[in-house]
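I opened this entry to keep a record of what I looked up, beginning with one residue and its surroundings and ending with the chain as a whole.

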Amino acid sequence: MERIGFIGLGNMGLPMATGLVKEGYSVTGYDINEKATLTFKERGGGIATSIHQVLAACDVILTSLPSVKAAEEVFLGERGLVEQGDSSKILVDTSTVSPELNQMLDKSCTEKGIPFLAAPVSGGVIGAEQQTLTVMVGGKRAVYERVLPIFEVIGGNIFHVNEQIDSGTTVKLINNLLIGFYTAGVSEALHIANKKNIDLNDLYSMLRVSYGQSRIYERNYQTFIANNDYEPGFSLKLLRKDLEFAMQVAEENQLDLPISKTLLSLYQQVEKEGYGDQDMAVLYQRVLEQSNKREAAK
């Protein structure tokens with residue numbers, strides 16, 4: 001059984017690493033947030049105080065990092081995974097970053113002979129906790145086969161997209177582009193129901209058995225909108241980040257996506273208005289507040 005390192009014990013990384021511990025894996029965790037590492041220790045994990053310690057103790061190192069900057073530092077920093085790693089280690093990044101960064105990391109790893117997979121995940125914190133994530137993997141098939149038993153612990157739907165390193169990320173960005181559309185559509189559709197005095201619970205009961213149903217409608221309405229609670233499962237600013245990555249892919253491939261551009265502008269504006277740290281479902285609340293402001297101005 002592989003010895004696993006897990007770097008990045010945040011909202012997604014901590015439950016993924018915890019799931020591996022529950023399945024009997026030896027997991028060494030590292031995070032710059034000391035509270036996160038102590039929580040992981042309480043859940044049965046081992047802890048390291050540096051990237052070097054993770055590499056020394058582990059065969060496969062997974063990362064779950066919040067930003068491009070964090071991923072660059074962990075992988076390419078002066079004391080990062082690439083500089084200190086070697087061909088005996090496998091590196092797997094589960095973060096959602098740009099395809100460009102996937103390619104950069106793969107090039108750096110290849111030059112050192114280090115096997116690398118880019119394996120972003122979908123399913124949010126709930127999926128991580130329930131070990132039901134969808135894992136979309138790009139990279140060499142032989143490396144994927146070795147890591148597959150680990151993927152099957154953290155996720156319920158595992159896909160090797162192809163050997164192009166950024167293929168899994170491309171699928172993830174397409175997924176999140178659709179999430180952006182669905183979230184905006186649900187927000188505005190429910191506002192119509194409000195104006196026509198249709199009970200939102202009744203509406204959900206009818207649409208969940210109609211073609212208007214979607215998993216994002218179910219998620220956003222049942223978990224957040226119905227409870228008027230927007231504590232983030234997936235924050236609006238993270239969705240905005242992924243939409244920007246998707247549009248970068250479109251521009252690099254000379255694709256004209258006018259509706260997607262408008263959608264991105266919407267999320268950028270809503271984040272500027274102060275909603276970014278709340279769950280993406282808060283877009284519904286923003287629609288209501290904007291409507292109320294217009295009514296008050298009349």
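For these notes I take contact to mean heavy atoms within 4.5 Å, and I keep in mind throughout that the model is predicted.

Entry 1, a single threonine. I looked up Thr37 and found that this residue lies in helix 2. Setting aside the neighbours within four places in sequence, I listed the residues in contact with Thr37 as Leu9, Tyr30, Asp31 and Ile47. I then asked whether Thr37 is buried or exposed. The relative accessible area of Thr37 is 7%, and since buried means under 20% relative accessible area, I entered Thr37 as buried.

Entry 2, helix 1 against helix 2. Staying with the helix that holds Thr37, I looked up how helix 2, residues 34-42, packs with helix 1, residues 13-22, and noted an angle of about 20° with the axes 10 Å apart. Angles under 35 degrees count as roughly parallel, and helix 1 and helix 2 are therefore roughly parallel to each other. For the handedness I wrote down that helix 1 passes helix 2 in a right-handed crossing. On the helix 1 side the contact involves Leu14, Ala17, Thr18 and Val21, and these meet Ala36, Thr39 and Phe40 on the helix 2 side. Sorted by class, this contact of helix 1 with helix 2 has five nonpolar and two polar residues, with no charged residues.

Entry 3, helix 4 against helix 6. I next looked up helix 4, residues 68-76, and helix 6, residues 99-112, which pack at an angle of about 0° with their axes 11 Å apart. Helix 4 and helix 6 are therefore also entered as roughly parallel to each other. Helix 4 contributes Val68, Ala71, Glu72, Phe75 and Leu76 to the contact, while helix 6 contributes Leu101, Met104, Leu105 and Ser108. By class, I recorded seven nonpolar residues, one polar and one charged for the contact of helix 4 with helix 6.

Entry 4, the whole chain. How many helices and strands does the protein chain have? I noted 14 helices and nine strands. The radius of gyration is 20 Å, close to the 19 Å that the globule rule gives for 298 residues, so the protein chain is as compact as a globular protein of that length. Along the principal axes, the C-alpha atoms fill a box of roughly 65 × 45 × 35 Å. Buried residues make up 51% of the 298 residues, and, among contacts with a separation of 6 or more, 63% are between residues 24 or more positions apart.

Methods: Residues are numbered from 1 along each chain as its sequence is written. This is a predicted model: local features need pLDDT of at least 70, side-chain atom pairs count only at pLDDT 80 or more; totals for chains, interfaces and linings use all residues. Side-chain values use heavy atoms; hydrogens and water are left out. Axes are lines fitted to C-alpha atoms, for helices over the stretch in contact, and angles run from 0 to 180 degrees between N-to-C directions. Helices (H or I, at least four residues) and strands (E, at least two) are DSSP runs, numbered from the N terminus. Angles under 35 degrees count as roughly parallel, over 145 as roughly antiparallel, 65 to 115 as roughly perpendicular and the rest as oblique. A crossing is left-handed if the near helix is turned anticlockwise from the far one by less than a right angle, and right-handed if clockwise. Ala, Val, Leu, Ile, Met, Phe, Trp, Tyr, Cys and Pro count as nonpolar, Asp, Glu, Lys and Arg as charged, and the others, Gly among them, as polar. The radius of gyration is taken over C-alpha atoms; the globule rule is 2.2 Å times the number of residues to the power 0.38. Buried means under 20% relative accessible area, exposed over 50%, partly exposed in between (1.4 Å probe, protein chains only).
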